[in-house]
Each structure stands twice: as structure tokens, then as C-alpha cells.
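Here's a quick briefing to keep beside the model while you click around. Pull up the structure and follow along, topic by topic.

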Amino acid sequence: MKLLMISGDASVVEGYKGAFYQMLRRFSTHWERIDIICPHPSRVECLAVHGNVYFHPASVPRWLQPWFIARRGRTLLEMHAHDLITSHDFGFFYNGIGAWLLARRRNIPLVSEIHHVEGYPLAVTLRERLYRWLAMIYLRLVWRHAAAIRVVNRKEVPGLLRELGVPEEKILILPSLYLDYEVFRPAAEVQRRYDLLFVGRLVPNKGISTIVEALAEVHRTHPGTTLLILGRGPLRSALEAQARRLGVMDAITFVERVDSPHGVARVYNEARMLICASSVEGGPRVTVEAMACGTPVISTPVGVMPDILVDGVTGLEFHWDARELAQKVRLLLDNETLRADIGEAGREAVQGFEAEAMIARYAEGLQAVARRWQEARP
């Protein structure tokens, strides 16, 4: 089969060989051809990868993306006769609008991919409240025209879709967490260099200011506690100012990036615990990767975490409150046996995300939608 993918990720075109590139390496083996329409990149380093994956970056700004998708997609469909369109839908839903226009005119099945809904379950900015409102409108409309809505967790987004009246048969649960257990695994010998670890972009929905506030609270009783923040983003200077104001700047190490997945796995193994304070997530990938390394996780109930985190067993849960987070941190700092037990239980809980099997399941799920559509045509 041939797939036309409308993506919000231009990283591969820009030359990055991160998670999207690695996923496509395996995913491409299940398709005759994959064409990907993506946003306008900051630079263009490549347009084809893995032998049968071809990128078509937009030449227009984001707000004109629907027009570009419809125009370029029409040309691609005429040339290659794809069996299915998938659209990664978020924000102002430029991808989804363009994909719907294209699928409607060509009578081809469309799968809308909703990895998460911005502002759900918790909106922390005006922007997120706006996006959440737009998502409610979009989701009520798109399910009537899409062949299926692909979601990547079993509880959070499916529950929202059911509340919005989406029929069960249109909810396609295909997780997007793909782990290489040869990379993400416990290290035989490791020095715990950091007490707390955050990994991710420094943006509002990640809740990093809550982690810094909790660190200051923990310092009242555990003054030597350290935090590594691995990531970059627009909140860096604000976080540094907050840390100085709270008197914990010397306890925090900022690292912008680690060059390889093996390097990230090493960082997980060097931490006593990883914290996810996000208000909204599709994954989050970092919590599952850390759990695979046997590193205990403290997380808010976002994304896939309600599916795999049993509070006090496979991890610890908190609800966006710095004092509650500080209590959970102290609990793990003070009890090495509990840290080890939760680390091992968490590692066992994420063994179902093996990359080859999960990506094969993703491809097969999409192809089943295309086959059902073909069989239903007169």
C-alpha cells in the first residue's frame, strides 16, 4: 500500500535523525511508498530517506498550510494513487483542514491522528485554553468525515472522544511509544549524579516551574538535593530567575541536549528519579524511557501515564501541586528500597512498547482502515 502522511514535524527535512527519523526507518518497511507533506522548515538538508519515504515541505507560512496541502496533495495522489491519508492534527488544525479538503475531493480514507489535545486535561495558559476550545469544535466535526481517529493512549483522549459522541468503531488506539530495549535499560554500574531529573522542552505545558518550586520546598529538609534539567526552550531565562529567587540556582544543572539515545539512557540511569509535571502530553516518551531504565518516575496523570502508572507501585502520581510533588520526592529520597522496588515495577510495566512490534502494529492498523474503506466502496 501507499501512504500520504500530513505531518507537523519537519525535523527530518532539517537533517535531524531523532525519534521521527528512527520511527520511519522501521515504518517504511511496511509500505510500498510514503509521501510526507510537512511544514516549512528552517533549512532543507534532505528530501528522501530510507529508500521509499519522500518529503514535501511547505513553501508557505503555517496559516496557508491547508491550501498547500490540498494543492500538493492533489498532485501526489494523481501521480501515486495512495491508499490512505493520515493527518497529525493539533493547534489550529491546519493539517486536518487541508487533509479533509483533499480526502473529500478524492474519496480516499482519512485517519485523523490526535496524539493529545492542547489544554487537556489542564490548560495553564490563555493559548492552551483557546486551543482546547478549538479542539472541541474540530473533533465534533472531523469524526463524521474521517474513516477513523487514531489516538495514542487508552484512557485520556479516548475518554474525551466518547464524551464528544465519537462512535467506538471510529476510535483507533495505536500507541506511539516505540522503545529500543537494547538502549533503554538499567545500567550495570552507574553513579547516581543527580537526585531529580527533568527531560524535555522548556515550555509552559511541561510544568518545569512547579519542579523548581518543589525543589526549593525539598531543600527545607534535604538541602543537598540536586536537579538536572535536560532540554532547551524559551523558558530557560525565566527558570534561572525563579531558581535564583528561591535560592536553589546552585542545585540545578542545565544541559541543552545529549547527542544520542545512548547518552539520554545514561542520563536516566544517573538520576535517582525523573519528574514529569506536564499539564498535557501525547506520551510522554521520557517517562516511559526512564521507566525502561529502572529509574523511578513521579508524574502527573497525563497522556499514557494513567495507562501504566499505578501510584505507589509502578511510579508516584501527583496533581500539579509543588508541595505534593515535594512530599513524593522526599518519600523516594528517604527510602532506597522503595526507589528500587518502584524502579523495577516501572521497568516491567513498560515492556510492551518494543519498537519493531509497535510500529508493525501501527502500520497494520492503518492498512486495515484502508482495506475496510475499499471493501465498503460500491
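What follows is a short tour of helix packing, internal spaces and some backbone details.

Keep in mind that this is a predicted model. A search of the whole structure turns up one cavity of 30 Å³ or more, and the second largest pocket comes in at about 280 Å³. Three helix pairs are covered too: H2 with H3, H1 with H13, and H6 with H11.

**The cavity**

- The largest cavity holds about 50 Å³ of space.
- Its lining takes in Asp89, Phe90, Gly91 and Phe93, then Ile114, His116, Val117 and Glu118, and finally Tyr131 and Ala135.
- Sorted by class, that lining of the largest cavity has six nonpolar, two polar and two charged residues.

**The second largest pocket**

- With a volume of about 280 Å³, the second largest pocket has 15 residues in its lining.
- If you want to find the middle of this pocket, look for Arg192, Gly294, Pro296, Arg339 and Ala340, the lining residues that lie nearest its centre.
- Strand E12 (271-276) and helix H12 (336-349) each put at least two residues into the lining of this pocket.
- Helix H12 gives the largest share of that lining, with six residues.
- As for chemistry, the lining of the second largest pocket splits into six nonpolar, three polar and six charged residues.

**Helices H2 and H3**

- Helix H2 spans residues 65-80 and helix H3 spans residues 94-106; the two pack at an angle of about 40°, and their axes sit 8 Å apart.
- That angle makes H2 oblique to H3, and the crossing of the pair is right-handed.
- On the H2 side, the contact uses Gln65, Pro66, Ile69, Ala70, Gly73, Arg74, Leu77 and Glu78.
- On the H3 side, the partners are Tyr94, Asn95, Ile97, Gly98, Ala99, Leu102, Arg105 and Arg106.
- Tallied by class, the contact of H2 with H3 has eight nonpolar, four polar and four charged residues.

**Helices H1 and H13**

- Helix H1 (residues 19-27) packs on helix H13 (residues 355-376) at an angle of about 70°, with 9 Å between the axes.
- H1 and H13 are therefore roughly perpendicular to each other, and they make a right-handed crossing.
- H1 brings Met23, Arg26 and Phe27 to the contact, where they meet Ala355, Glu356, Ile359, Tyr362, Ala363 and Leu366 of H13.
- The class count for the contact of H1 with H13 is seven nonpolar, no polar and two charged residues.

**Helices H6 and H11**

- Helix H6 covers residues 208-218 and helix H11 covers residues 322-333; they pack at an angle of about 60°, with their axes 8 Å apart.
- H6 and H11 are therefore oblique to each other, and this crossing is right-handed.
- From H6, the residues in contact are Thr210, Ile211, Glu213, Ala214, Glu217 and Val218.
- From H11, they are Ala322, Leu325, Ala326, Val329, Arg330 and Leu333.
- Broken down by class, the contact of H6 with H11 has eight nonpolar residues, one polar and three charged.

**Backbone details**

- Which residues does the cis peptide bond with omega of about 15° join? They are tyrosine 120 and proline 121.
- Proline 121 sits in the loop between strand E6 (110-114) and helix H4 (126-145).
- Another cis peptide bond runs from glycine 283 to proline 284, where omega is near -5°.
- You'll find proline 284 in the loop between E12 and helix H9 (285-292); E12 is also a strand that supplies at least two residues of the lining of the second largest pocket.
- Histidine 50 has phi near 60°, a positive value in a residue other than glycine.
- Look for histidine 50 in the loop between strand E3 (48-49) and strand E4 (53-57).

Note on methods:
Residues are numbered from 1 along each chain as its sequence is written. This is a predicted model: local features need pLDDT of at least 70, side-chain atom pairs count only at pLDDT 80 or more; totals for chains, interfaces and linings use all residues. Side-chain values use heavy atoms; hydrogens and water are left out. On a 1 Å grid over the protein atoms alone, a cavity is a set of points where a 1.4 Å probe fits but cannot get out, and a pocket is an open set with protein on both sides within 12 Å along at least five of seven lines; lining residues have an atom within 4 Å of a point. Grid points are joined across faces, edges and corners, and a volume is the space filled by probe spheres set on the points. Ala, Val, Leu, Ile, Met, Phe, Trp, Tyr, Cys and Pro count as nonpolar, Asp, Glu, Lys and Arg as charged, and the others, Gly among them, as polar. Axes are lines fitted to C-alpha atoms, for helices over the stretch in contact, and angles run from 0 to 180 degrees between N-to-C directions. Helices (H or I, at least four residues) and strands (E, at least two) are DSSP runs, numbered from the N terminus. Angles under 35 degrees count as roughly parallel, over 145 as roughly antiparallel, 65 to 115 as roughly perpendicular and the rest as oblique. A crossing is left-handed if the near helix is turned anticlockwise from the far one by less than a right angle, and right-handed if clockwise. Contact means heavy atoms within 4.5 Å.
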